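Hi everyone, thanks for making time today. I'd like to walk you through one helix and its surroundings, so please have a look at the model first.

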Amino acid sequence: DELTEAGVRFSSQLPVSLEAPASVVLTFDDGTADHRRVAEELGSRAIPAVFFVSAGLLGADGYLRAPELSEMVSLGHVIGSHGMNHRRLDRLLDPQVEEETRLSKELLERQIEVPVTLYAPAGGIGVAGLRLRLESAGYTASRSMRWGIHLGPDERWSVPIVPVPHVPVDR
């Protein structure tokens with residue numbers, strides 16, 4: 001609320017266009033059950049966010065259920081892929097990397113019935129050729145764990161972040 005009152009603009013668009021007004025993109029990783037309340041709180045304030053969800057964990061104990069994703073989209077949020085099972089890509093064989101990227105996207109799209117165009121690798125760790133793999137699957141950007149300020153579309157395959165480890169919804 002304080003940021004909104006201070007005139008901060010929020011967006012769910014990655015990569016950010018240099019022609020667009022400066023804005024903050026809030027992202028949340030893993031698709032844990034508490035993200036539903038976060039989505040509701042932000043939605044009630046008309047603040048969009050991006051939720052990166054591990055598709056294979058939907059419905060597991062402590063994680064979002066598939067119908068909740070559609071509710072989050074209806075509140076103005078974007079669902080991105082965080083892989084199938086939150087596995088680090090650098091520890092996987094090529095077919096498993098394919099599952100974490102392409103299959104997770106397909107599963108999420110079947111659930112929410114809108115394109116999933118954003119990807120965030122687990123731990124922010126990619127592999128050689130990830131950009132080509134993501135482009136081929138239909139993604140438009142990938143968020144990294146590299147600290148920094150996103151300056152435009154040239155960084156779209158490694159969008160930096162300013163991490164905020166844990167801020168309770170009650171604050």
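**Helix H3 and its neighbours**

Let's start with what H3 packs against: its buried residues are in contact (heavy atoms within 4.5 Å) with helix H2 (35-44), strand S4 (50-53), strand S5 (78-81) and helix H4 (94-112). Keep in mind that this is a predicted model, where local features need pLDDT of at least 70, side-chain atom pairs count only at pLDDT 80 or more, and totals for chains, interfaces and linings use all residues. Residues are numbered from 1 along each chain as its sequence is written, and side-chain values use heavy atoms, leaving out hydrogens and water.

Helices here are DSSP runs of H or I with at least four residues, strands are runs of E with at least two, and both are numbered from the N terminus.

Which residues of H3 are buried, meaning under 20% relative accessible area with a 1.4 Å probe and protein chains only? In H3, residues 66-74, they are Ala 66, Glu 68, Leu 69 and Met 72. They sit on the same side of H3 because they cover an arc of only 150 degrees around the axis, taken from the directions from the helix axis to the C-beta atoms. The face turned away from that buried side carries Pro 67 and Ser 74, which are exposed, that is, over 50%.

After H3 comes Gly 76, with a positive phi near 100 degrees.

Now over to helix H2, where we find His 35. His 35 is buried, at 7% relative accessible area. Among the residues it touches, not counting those up to four places away in sequence, are Phe 51 and Met 72.
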